[in-house]
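Here's a quick walk through one model, from its overall build down to the surroundings of its ligands. Have a look at it first, then read on.

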Amino acid sequence: MSQATASGAKPRTERLPPLPPQETVYRRIRKRIHLVFFLLFVAAPFSNLMRFDIPRQRFYFAGFELWISEFAIIFFALMLLMFIIAASAIIHGRIYCSYACPQMIFSEWSQTVEAWAKRVTQQRMKASGPGAKDLAAKGLFYAVLAGASVFLAFVFTTYFVEPRDLLGRLFHFDLVTVGGITGASVTLITFLDFTLVRQKFCTSICPYGYIQGMLQDKHTLLVSYQDGPYEGRGEAKDCIECKKCVRVCEMGIDIRDSPYQIECVHCGDCIDACEDVLRKLGKPGLIHYTWGEIPKAANAQEPWYRRWGFRDAKRVVILLILAFYLTGLGLALSLRRPVLVEINPDRSIMFKVLDDGRIANLIRLKLANRTGLATQVHLWVEGLAGADLALPANPIVLQPGETFERTVELRAPFAPDGQDVHHIRILAQANGARKADAEELTFITPLKRK
Ligand code: SF4
Ligand code: SF4
């Protein structure tokens with residue numbers, strides 16, 4: 001460690017044996033997490049984990065096909081997703097940006113491809129001049145990026161358009177319909193984004209960084225440079241000014257200036273860089289993940305819940321709200337009926353007498369198959385002898401996503417019981433449903449036969 005001498009002479013650097021390489025390499029961890037989120041990003045629309053189908057007005061969540069009319073479930077699902085991102089910003093800072101955001105994942109991937117293209121052309125075109133190599137490297141990079149942009153734009157668009165429909169448009173080079181034009185535009189934007197914009201998006205366009213700045217508090221996870229009183233700050237500095245931490249930073253900042261720079265996405269690359277340099281000189285790195293500006297050593301001695309970020313009542317409230325949204329969503333999903341049944345009386349006429357002497361009331365019927373499989377719905381009437389519904393078929397066959405909506409006659413023979421109001425139930429049961437949906441209604445008849 002550097003020591004200032006009493007005479008004020010230049011401090012002597014003590015030579016220490018090198019430390020073993022750091023156990024936690026954040027870049028390695030980050031790349032593994034990137035792979036997981038990339039697979040999730042690709043799989044989510046195809047497995048209906050999450051997808052908005054705009055043309056069909058459906059929201060797919062956790063394998064459920066939700067209709068736009070199922071507002072409660074969509075509300076809880078969207079609130080849960082938004083709250084998870086906001087809670088993560090309060091507790092973990094911009095960890096989402098550097099570890100999970102598709103923009104960051106593909107920006108870093110495009111930089112890797114660019115470096116790979118340069119390497120390949122250097123090795124394969126040894127006899128060529130620098131201009132030709134440069135041109136070939138750019139051509140190779142743009143060709144790979146063009147292919148990748150088509151794929152990424154396709155995946156992105158499947159979040160809003162049914163994947164098979166989109167694939168058909170892609171194979172037919174559809175540049176005429178709205179879907180085709182959208183796909184082509186997204187491809188072009190993706191290509192320009194990952195060749196020209198990349199991480200500049202995070203500091204200039206994306207609002208999340210600014211929102212994060214507003215959400216963070218004194219306990220939020222930070223990447224902090226700690227050449228401080230607890231680790232040698234003050235008279236004796238351990239930083240050797242190698243600036244490796246600055247060179248590796250893709251956001252172009254110097255973490256030593258402040259842990260609160262808006263550009264910092266908390267990726268941890270500067271932590272790895274500093275550990276790499278200083279460990280060879282026998283010292284631990286000077287940059288750490290910390291909860292607020294608390295020194296790393298102080299963090300390590302705290303109980304597990306504080307080390308996991310639960311450092312005040314606000315965090316407990318966040319957990320409770322998260323549990324509330326999760327419970328609400330779970331409840332709404334468990335109460336959901338795969339086949340929607342709505343039965344209502346149509347009182348535009350009270351009753352009518354049919355040619356055969358039977359009495360008819362009008363019933364508005366709506367059946368909607370909210371599953372991905374065809375189903376049959378059987379309907380019957382209870383409480384009135386001889387009553388039946390004038391349906392085109394019973395059971396009614398519904399294809400996946402199909403809605404049957406019609407006003408039908410509920411017919412019954414005249415009952416000479418002196419009553420003009422009969423309390424009845426109409427029941428509807430879909431294939432495989434444990435219970436029938438029952439609707440209690442009144443059937444109105446004349447008091448006397450005409
Ligand atoms: S990598 Fe570490 S030692 Fe080098 S300049 Fe950055 S903080 Fe100082
Ligand atoms: S300062 Fe460090 S943690 Fe922040 S973006 Fe740069 S390399 Fe990543």
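What follows covers the overall dimensions, the domains and the two ligand shells.

Keep in mind that this is a predicted model. The protein has 450 residues and a radius of gyration of 33 Å, whereas a compact globule of that length would come in near 22 Å. Measured out along the principal axes, its C-alpha atoms take up a box of roughly 120 × 60 × 30 Å. Buried residues account for 26% of the chain. As for contacts with a separation of 6 or more, 66% are between residues 24 or more positions apart.

In terms of secondary structure, you get 14 helices and 14 strands. The protein splits into domain 1 (26–212), domain 2 (218–301) and domain 3 (339–444). How far apart are the C-alpha centres of domain 2 and domain 3? They sit 71 Å from each other.

Now for the ligands. Ligand 1 is surrounded by 14 residues, with Cys239, Cys242, Lys244, Cys245 and Cys274 the closest. Two elements give two or more residues to that shell: helix H10 (244–247) and helix H11 (269–279). H11 supplies the largest share, four residues.

Ligand 2 has 13 residues around it, and the closest are Cys249, Ile255, Cys264, Cys267 and Cys270.

Here is how the two shells break down by class:

| Shell | Nonpolar | Polar | Charged |
|---|---|---|---|
| Ligand 1 | ten residues | no residues | four residues |
| Ligand 2 | ten residues | two residues | one residue |

Notes. Residues numbered from 1 in each chain as written. Chains lettered and ligands numbered in written order. Predicted model: local features only at pLDDT ≥ 70, side-chain atom pairs only at ≥ 80, totals over all residues. Near = placed C-beta within 6 Å. Nonpolar A, V, L, I, M, F, W, Y, C, P; charged D, E, K, R; others polar. Domains from an automatic or database assignment. Rg over C-alpha atoms; globule rule 2.2 N^0.38 Å. Buried ≥ 20, exposed ≤ 12 C-beta atoms within 10 Å, placed from the backbone. Contact = placed C-beta atoms within 7 Å.
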